[in-house]
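Let's take a look around this structure together. The stops on the way are one domain pair, some chain-to-chain contacts and the build of a single chain.

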Amino acid sequence: MRSSRLALGLLFILALGLPLFAASWRWWDLRSGVVEVHARMPDAGGWSPASIRVPAGEALRLMLTSDDVMHSFAIGQSASPVIDLYPGKPVETTLQFDEPGKYTFYCTRWCGPDHWRMRGTIEVTGDANIQTGAAEQPLYLTLGLDIDAHHEASTLPQQRPSVVRGAALGLVLPDKYLALDYYRLHSPEQVWNDLRGELFSKELDDQQVWDLVALVWQFHASSGDAESSQQLYARDCAACHGEAGAGDGVFAHVLGAASETGDMHARQTPADFTGAAHMLGASPALLHGKIVRGGMGTGMPYWGPIYTDDQAWALVSRLYEFQFEVEDK
Amino acid sequence: MNRAALTNTPVVKSLLRSRWPQLFLRALTLGVFLLAILAGILGTPVGNRNIAIVLVWIAWWGLLALLAVPLFGRGWCNICPIPMPGEWLQQGSLLGPRGKGLGLGKRWPNPLRNIWIQNGAFLLLALCSAVVLTEPKVSAWVLAGFLLVAIGASLVFERRAFCRYLCPVGGYIGLYSQASPLELRVVDASVCASHTEKTCYTGSSQGYGCPWQVFPGGLVKNTNCGLCMECLRTCPHDNLSLNVRSFGADLDVPTGRKLDEAYKAFILLGSAMIYAAVMLGPWGQLKALAYGVGTLPWLGYALGFLLVTLVIIPGSFWLVSMLGQVLAGNKDAFKGRGVKKAFTSLAYTLVPLGMTAWIAFTLSFIFANGSYILPSLSDPLGFGWNLFGTAGMGWTPYLSGIVPFMQVIVLLVGLAWASRTALKIARQLASQARLPQEAARRMALPVVAFCLAITILLFQLLIA
Amino acid sequence: MLGFALAAVFALAAPLAQAAGSQPVERTIHVQASSFEFTPATIRVHRGDIITLEIESTDVVHGIAIDGYDLRIDADPGQTARLTFTADRSGVFRFRCPVTCGALHPFMIGKLYVGNNSLYWGAVLAAVLAAVVGLWSVRK
């Protein structure tokens, strides 16, 4: 009789013990206060949960795991590092937000054409310590700019405007062109028109004036992070807009052509940054607006909650590099 | 034939007779099995980070196909967890006969006393394998299904009805166990002749009558002996012995060659080749077809699968057998006389050929994906544990440059072995049909050519 | 016996199968990776060629890892990855996706053919020999 009890005991310990051990560990995990966040491809649900609440100043422990393909976890407008999520390999991280507000978390590794929709929010509750005031309006709103209006340039250069050639002209540009506001509000074509009308450009031919335009652009190109704007473009834009900016990225065909009704808010093939008419007629404020606001249904993501202002303007400069021959500084 | 009796060593005999080591191992495998089911249902849906996939279809399958079956025949069946809960309920005990158990104890119906159901079950599993082998939840439900069916079978029928007649893997293990160097046999048949009680089959206070419904006294082949050691416990004359013998000795036994087993050989060989094409080939469309279980395109794939395993391979083997008969001088060959017997008998040539084909396929599969095993042991459910510190290890293929050479060697050994088997069987057929012995070589030649063709096809699929 | 025979066949077959000296060429091969196949799925080059593989992922993060060459690179959609190597080993080498990309990920496979597959031809010859040896081994 004793041996049969022993046998039964052995059986329970081994046969049931292993699964029970695993199940209870899991149960303990779930009760430990860690928020389990699952990452899935957007058409399989995206982030789950997609909204999290935490009081300001309190530690938020997250266990992040991907349930299907490679994803990553990043927080918009934040310097916290991007966490790569290999499928089935959970990563635990602790976040802490001192300021109340709404923070957006998102995925930075392409996981399908709707990858950009993979976003969630962390709502940090509490009384605001500092008067944050209203969030700053993007420039196009302040200007009342219609960023959906056509902006095809009618005057085009014969060849790509070159900074080197422009610099070789040895001219000193008036302060007007060196003002940041001037640059942001005017398209390259408008700047060309202004330069064309100047006295000092009387001796120059049209192409040389375009080269001066390139010089103006280079002057205002956000200093410092040329490399990181390259990285941002490669990471976030190239999959649709193409590695060479021609609107022929791997997802371009999925996004399809503009609808027959001419509805500008239907899904469209991504913009071609190598198209001179299109780009030279667009002011930086317009491009900045498109990046921040998104395409309203065209498939172009809105990057407002994700990019800092510096990042957005740096990306704008990067886009013009498809038009201008820019030398490394 | 040379045989070395392992049970002549007292330590071995007492270990095998004792119920404790066996119970320990069975409880362990059951624990891992239940853990795998739990992991599949509760754990991460990513297959290569969940033990429901990694431990079952990579680790266990690798050990089974590469070691357990070729070396120990039905050795796995001794410690397999699937029939155990049902059997413990049926027997009402964990440590030998003690009182009543549960269950209706019905006899397995006579028309089903064959492995046709097992053949069907294996095919069904094989057709769905692209999904079963990659989705933890599906794998878990399949394993749980096996467990429930096995419990049900034990409560309705006597003995191990599930293992003998239903288990899909059992057909594989049973057929290929004929090739293994391990066997359990009586020492002296005359002792059995004078023993009227036949407790090895009927049971005694020391143990149960053979749960596999085999009469140990008459056992000549491994196919249906699950190495459970009950007869070792019940025989009052200590007449049972566990022997090491030469590989494939059972293939020389001229009796008991049946059509259901022959078909199992065709099915297994065909499946190995199709698996190699689908899983190791570069054809993405084929894989998508195999994965879309339940869709119309998948149905086309399934029909193709069944056509190859049930019609094309057996059909060409029939032609080959008929040709062999003609060459051997069987004048009635075209009328079909003698062809069926040759067909069924010579099909056993495909036992070593098929087993090595599966080994070659498994080698590629296991070495390419074996690096998932250590991480999954540390993080069985894929939820961030690190029990043994190996959870962070990434994927890397093992020995990728050497695997093709290993496959070639394995397949060459299989071909030589199959050719040898073909000739031996042909000689038996020749003497039975009263044909001259030289006719045997001519009878075997088409079969050997068939095996050569299959081997070259396998080279194409695996290393070319 | 079988071992000797096999060794002899390989020793004979391998030099016979060497490609008649061809100049190494630099090739760039564009491979698209999608779930769950490579396009093209088979790549053929000559031994000694300097290969640059451009891996373009079209839906999720994939990559390429080549058996036998122990090479690996990952590729995000929108960031074509480039892997340059010299095909100094001849034979057939499977290449696989090294980043889990869904259910059929372990079966996402292509094949790289470099020069002659002397292993295959040697094996075929050895197979004929193996069949003969098997028959011969049955004593009267």
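Two residues are in contact if their C-beta atoms, placed from the backbone, lie within 7 Å. Keep in mind as you read that this is a predicted model.

## Two domains in chain B

Let's begin inside chain B. The domain assignment splits out domain 1 (4–179) and domain 2 (266–463). Between the C-alpha centres of these two domains of chain B there are 23 Å. They do touch: 32 residues of domain 1 of chain B are in contact with 29 residues of domain 2 of chain B.

Which helices of domain 1 of chain B each supply at least two residues of the side that touches domain 2 of chain B? They are α2 (19–42), α3 (51–72), α6 (116–127), α7 (129–132) and α10 (168–176) of chain B. The top contributor is α3(B), which gives 10 residues to that side of domain 1. Sorted by class, the residues on the side of domain 1 of chain B that touches domain 2 come out as 24 nonpolar, 7 polar and 1 charged.

## Where chain C meets chain B

Next up is the contact between chains C and B, with 35 residues coming from chain C and 37 residues from chain B. On the chain C side, four elements each put in at least two residues: the helices α1 (2–16) and α2 (118–136), plus the strands β8 (91–96) and β9 (109–114). Of these, α2(C) provides the largest share, 12 residues.

What kinds of residues does chain C bring to the side that touches chain B? By class there are 24 nonpolar, 7 polar and 4 charged residues.

## Where chain C meets chain A

Chain C also touches chain A. Here the contact takes 14 residues from chain C and 16 residues from chain A. The side of chain C that touches chain A has 5 nonpolar, 6 polar and 3 charged residues.

## A closer look at chain A

Now for chain A itself, which has 12 helices and 9 strands. Its radius of gyration is 26 Å, while the globule rule gives 20 Å for 329 residues, so chain A is more spread out than a compact globule. Along the principal axes, the C-alpha trace of chain A spans about 110 × 45 × 40 Å.

How much of chain A is buried? Of its 329 residues, 38% count as buried. As for who touches whom, take the contacts in chain A between residues at least 6 apart in sequence: 72% of them join residues at least 24 apart.

Technical notes:
Residues numbered from 1 in each chain as written. Chains lettered and ligands numbered in written order. Predicted model: local features only at pLDDT ≥ 70, side-chain atom pairs only at ≥ 80, totals over all residues. Rg over C-alpha atoms; globule rule 2.2 N^0.38 Å. Buried ≥ 20, exposed ≤ 12 C-beta atoms within 10 Å, placed from the backbone. Nonpolar A, V, L, I, M, F, W, Y, C, P; charged D, E, K, R; others polar. Domains from an automatic or database assignment.
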